[in-house]
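Here are some exercises to work through with the sequence and the 3D view open side by side. Try each task on your own before reading the solution below it.

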Amino acid sequence: VNGGPNINGSVFAMTRWNGSVYIGGNFTTVDGTTTNRAAEYSNGRFGTMQTGLNNSVFAMAANQGGTVYVGGTFTTADGTTAQRVAQWANGSWGTMLLGISVVSGQGSQVNSIAVSTDGTVYVGGTFGVANGSTSFNIAYWDGAAWGTVTNGVNGQVLGLDVAPTGTLYACGRFTTANGTTANYVAYWDKTNWGTMAGGQDAVVHTIKVGPDGFVYTGGDFVT
């Protein structure tokens, strides 16, 4: 973006598709135009995404068809109820059924989204319910319904990525996956959780599968 836009807050998430770049955060204007926490950069300028979202965006990812999935702490998209997740396609916002819900007495947010090559959308964060069903901090959306990821993990999920094989990798503040010790990193093969050796010794903030097939992590750990 030549010269840089004037954004009145922080940008926490970004994704791109077919020449457009999408940004999300806690901002409410870009270059003086009201954008409310999400905006699209295309053809050399920023544009609005309808009336935006009513609270922060922390995660964005696009599928191969150009649908952009967003997650955060918001509860509406363009004025319509959208609990912490929403999808943007063909110039308008759409809901994902009942979305991600608060567990009684706790906060709730989505921190990471990853889309597999088959179109499955994985979301991670701090939550206990997806579309009314128990889902501990991680869940998936198949385009029509929500599913659980085998009892989930026992703490906040901060990062997700999917290998070409379909294996999901997760990282964050958790120490167990499906009740088995998994120190801050784990993988899910669509059926079962697996551990990654002894894990790591502190919080992992990001995880990526490289073109070489290796899994790379970054965070607060030293081992």
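Strands here are DSSP runs of E with at least two residues, numbered from the N terminus. Please keep in mind that this is a predicted model.

**Exercise 1. A threonine in a loop**

Task: Find where Thr167 is located, decide whether Thr167 is buried or exposed, and list what Thr167 touches.

Solution:
- Step 1, location. Thr167 sits in the loop that runs between strand S20 (157–162) and strand S21 (168–172).
- Step 2, accessibility. The cut-off for buried is under 20% relative accessible area. Thr167 has a relative accessible area of 16%, so Thr167 is buried.
- Step 3, polar contact. The side chains of Thr167 and Thr165 make a polar contact at 3.4 Å.
- Step 4, further contacts. Not counting residues up to four places away in sequence, Thr167 touches Asp161, Val162, Tyr187 and Trp188.

**Exercise 2. The largest nonpolar core**

Task: Which residues of the largest nonpolar core touch the most other members, and which elements give two or more residues to this core?

Solution:
- Step 1, the members. The largest nonpolar core has 16 residues, and Ile138, Leu160, Leu168 and Trp193 are the ones that touch the most other members.
- Step 2, the elements. Two or more residues come from each of S20, S21 and strand S24 (185–188). S20 gives the most, with 3 residues.
- Step 3, one member up close. Leaving aside neighbours within four places in sequence, the contacts of Trp193 include Ile138, Val149, Ala170, Ala186 and Trp188.

**Exercise 3. Aromatic pairs**

Task: How many aromatic pairs does a search of the whole structure find, and how are the rings of Phe12 and Phe58 arranged?

Solution:
- Step 1, the count. The search of the whole structure gives 8 aromatic pairs.
- Step 2, the geometry. A pair of aromatic rings is described by the distance of the centres and the angle of the planes. For Phe12 and Phe58, the ring centres are 5.2 Å apart and the planes are at 40°.
- Step 3, the class. Planes under 30 degrees apart count as stacked and over 60 as edge-to-face, with the rest tilted. The planes of Phe12 and Phe58 are at 40°, so this pair is tilted.
- Step 4, the place in the chain. Phe12 belongs to strand S1 (residues 11–17) and Phe58 to strand S7 (residues 57–62), so the pair ties together parts that are 46 residues apart in sequence.
- Step 5, accessibility. Phe12 is partly exposed at a relative accessible area of 39%, and Phe58 is partly exposed at 23%.
- Step 6, a cluster. Tyr122, Tyr140 and Trp188 form one aromatic cluster.

**Exercise 4. An open sheet and its start**

Task: Work out the strand order of the open sheet of 4 strands, and name its edge strands.

Solution:
- Step 1, the order. The strands follow the order S1-S2-S5-S6, and their pairing is antiparallel.
- Step 2, the edges. S1 and strand S6 (45–48) each pair on one side only, and these are the edge strands.
- Step 3, the twist. Direction ignored, neighbouring strands of this sheet are turned by 25° against each other on average.
- Step 4, one pairing. S1 joins strand S2 (residues 20–25) in the antiparallel sense over 6 bridges. Val11 stands opposite Gly25 in S2.
- Step 5, the segment before S1. Gly9 is found there, and Gly9 touches Asn26 and Phe27, not counting residues up to four places away in sequence.

**Exercise 5. Following Ala139 across its partners**

Task: Which residues stand opposite Ala139 in the pairings of strand S18?

Solution:
- Step 1, one side. Strand S15 (residues 121–126) and strand S18 (residues 138–141) run antiparallel and are joined by 4 bridges. Here Val123 stands opposite Ala139.
- Step 2, the pairing with S19. S18 and strand S19 (residues 146–148) pair in the antiparallel sense over 3 bridges. The bridge partner of Ala139 in S19 is Thr148.
- Step 3, the hairpin. S18 and S19 have 4 residues between them, and Gly143 takes a positive phi near 100° in this hairpin.

**Exercise 6. Positive phi without glycine**

Task: Where do Asn90 and Asn151 lie, and are they buried or exposed?

Solution:
- Step 1, Asn90. Asn90 has a positive phi of about 55° although it is not a glycine. Asn90 is in the loop between strand S11 (85–89) and strand S12 (92–94), and counts as exposed at 84% relative accessibility.
- Step 2, Asn151. Asn151, also not a glycine, has a positive phi of about 70°. Asn151 lies in the loop between S19 and S20 and is exposed, with a relative accessible area of 54%.

How values were computed. Residues are numbered from 1 along each chain as its sequence is written. This is a predicted model: local features need pLDDT of at least 70, side-chain atom pairs count only at pLDDT 80 or more; totals for chains, interfaces and linings use all residues. Side-chain values use heavy atoms; hydrogens and water are left out. Buried means under 20% relative accessible area, exposed over 50%, partly exposed in between (1.4 Å probe, protein chains only). A polar contact is a pair of N or O atoms within 3.5 Å; within protein, one must be able to donate a hydrogen and the other to accept it, and residues adjacent in sequence count only if both atoms are side-chain atoms. Contact means heavy atoms within 4.5 Å. A nonpolar core is a set of buried Ala, Val, Leu, Ile, Met, Phe, Trp, Tyr and Cys residues joined through side-chain atoms within 4.5 Å. Rings of Phe, Tyr and Trp (its six-membered ring) pair if their centres lie within 6.5 Å; planes under 30 degrees apart count as stacked, over 60 as edge-to-face and the rest as tilted. Two strands pair if DSSP finds at least two bridges between them. Axes are lines fitted to C-alpha atoms, for helices over the stretch in contact, and angles run from 0 to 180 degrees between N-to-C directions.
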